[in-house]
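Colleague: Could you take a close look at one helix for me, and tell me how its residues are arranged and what they pack against? I'd like a bit on the ligand surroundings too.

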Amino acid sequence: MTDQHTTIIAPSLLAADFLHLADAIQMVNKSEADWLHLDVMDGRFVPNISYGLPVIEQVSKACKKLRDVHLMIEEPHLYIEDFQKAGAQVLTVHLEACVHLHRTVQQIHSLGMKAGVALNPHTPVSLLVDIIGDLDLVLIMSVNPGFGGQKFIPHTLKKIMELKSLVQSTGSKALIEVDGGINLENAPAVIQAGADVLVAGSTVFHSKDPKSTILALKGQVL
Ligand SMILES: O=C(CO)[C@H](O)[C@H](O)COP(=O)(O)O
Ligand SMILES: [Co+2]
C-alpha cells in the first residue's frame, strides 16, 4: 500500500480504558504508532459485541493517525458507506463473512478507502488467489476473533510466510497485517515471517509505558 521500511504499529483501542478514551487517543497521537486499529464486533460473526459507528465517528475526529477499521460483522457490505462517513481509512472485512467479496472490495475502493480482507486462523491463504491483486491489505488473525488478550496461535506464522510468497509472486501491493496476541517476545518472529503491520491491544494499553512499548514493538527500544 505504501513504501515503508519499518513495521507499522497499530494499537487496538479494544484494550484501552473506555472511561478515558480521549486519553488513549492522545497517547496514540503523541506516540510513534502509525495507525489506530478499531475492532467492530456484532455478536453474530463473533461471540462478542464491542463498539460501533458513533464511537468511531468521535474517535476519528480526535485521532491524527490512520484509522484502520476491522469489521468482525456479518453482511459488512451493508455498512461500508457508514464506516467511511464515520472516518475509516482502511476498511477490512472478513472473507468468511462475504458472499460477494470482490464486489465488497470494489465498494470500499469506490468510497476512497483502502480495502483489507481478514482471514480467521482456520481459513487458508490459498483462498485469496483470485482477489490478492485487488487488495491493499490482508489481515491474518493470529487468535480467534472476538476478544482481546488471547494467546498467539503459533501455526499462523506459517500462514504469514505463505501470504508473503503469494504477495511477492503476484506482485500484489497488499500489506500483511497480523492481529491477536502480539507481544514483545513474538513480534520479532512475526516481522521475520513477513508482517508489515502489527496490531497490539493488551501489550500496548496494559503496559506501564504504552509509548515505549510501541517503540519497542517497532524494534527501537528507548
Ligand atoms: O481483532 C481483534 C480481536 O478479535 C483485536 O484486534 C485483537 O485481539 C487485539 O488485541 P490483543 O493484542 O490484546 O490480542
Ligand atoms: Co482486530
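Modeller: Here's the helix, followed by the ligand site.

Keep in mind that this is a predicted model. Helix H5 covers residues 156–170, and at 1.5 Å a residue its 15 residues should span 21 Å; the end C-alpha atoms are 21 Å apart, so the two agree. Thr-156, Leu-157, Lys-159, Ile-160, Leu-163 and Val-167 are buried in H5. Looking down the axis of H5, you'd find those buried residues within an arc of 155 degrees, so they line one face of the helix. What do they pack against? The buried residues of H5 pack against strand E6 (137–141), strand E7 (175–179) and helix H6 (187–193). Over on the other side of H5, Lys-158, Ser-165, Gln-168 and Ser-169 are exposed. Just past the end of H5 comes Gly-171, with a positive phi of about 70 degrees.

Now the stretch ahead of the helix. Gly-146 sits in the loop between E6 and H5. Gly-146 is partly exposed, because it has 18 other C-beta atoms within 10 Å and a buried residue needs 20 or more. Leaving out residues up to four places away in sequence, Gly-146 touches Met-41, Val-46, Pro-47, Asn-48 and Met-72. An unreviewed UniProt entry lists Gly-146 under "binding site", along with others including Phe-147, Gly-148 and Gly-149.

As for ligand 1, 23 residues surround it, with Pro-145 and Gly-148 among the closest. By class, that shell around ligand 1 has nine nonpolar, twelve polar and two charged residues.

Technical notes. Residues are numbered from 1 along each chain as its sequence is written. Chains are lettered from A and ligands numbered from 1 in the order in which they are written. This is a predicted model: local features need pLDDT of at least 70, side-chain atom pairs count only at pLDDT 80 or more; totals for chains, interfaces and linings use all residues. A residue is near a molecule or strand if its C-beta atom, placed from the backbone, lies within 6 Å of it. Ala, Val, Leu, Ile, Met, Phe, Trp, Tyr, Cys and Pro count as nonpolar, Asp, Glu, Lys and Arg as charged, and the others, Gly among them, as polar. Helices (H or I, at least four residues) and strands (E, at least two) are DSSP runs, numbered from the N terminus. The expected span of a helix is 1.5 Å times one less than its number of residues. A residue is buried if 20 or more other C-beta atoms lie within 10 Å of its own, exposed if 12 or fewer, and partly exposed in between; C-beta atoms are placed from the backbone. The arc is that of the directions from the helix axis to the C-beta atoms. Two residues are in contact if their C-beta atoms, placed from the backbone, lie within 7 Å. UniProt positions are given in the numbering used here, feature names are shortened, and annotations may be inferred rather than shown by experiment.
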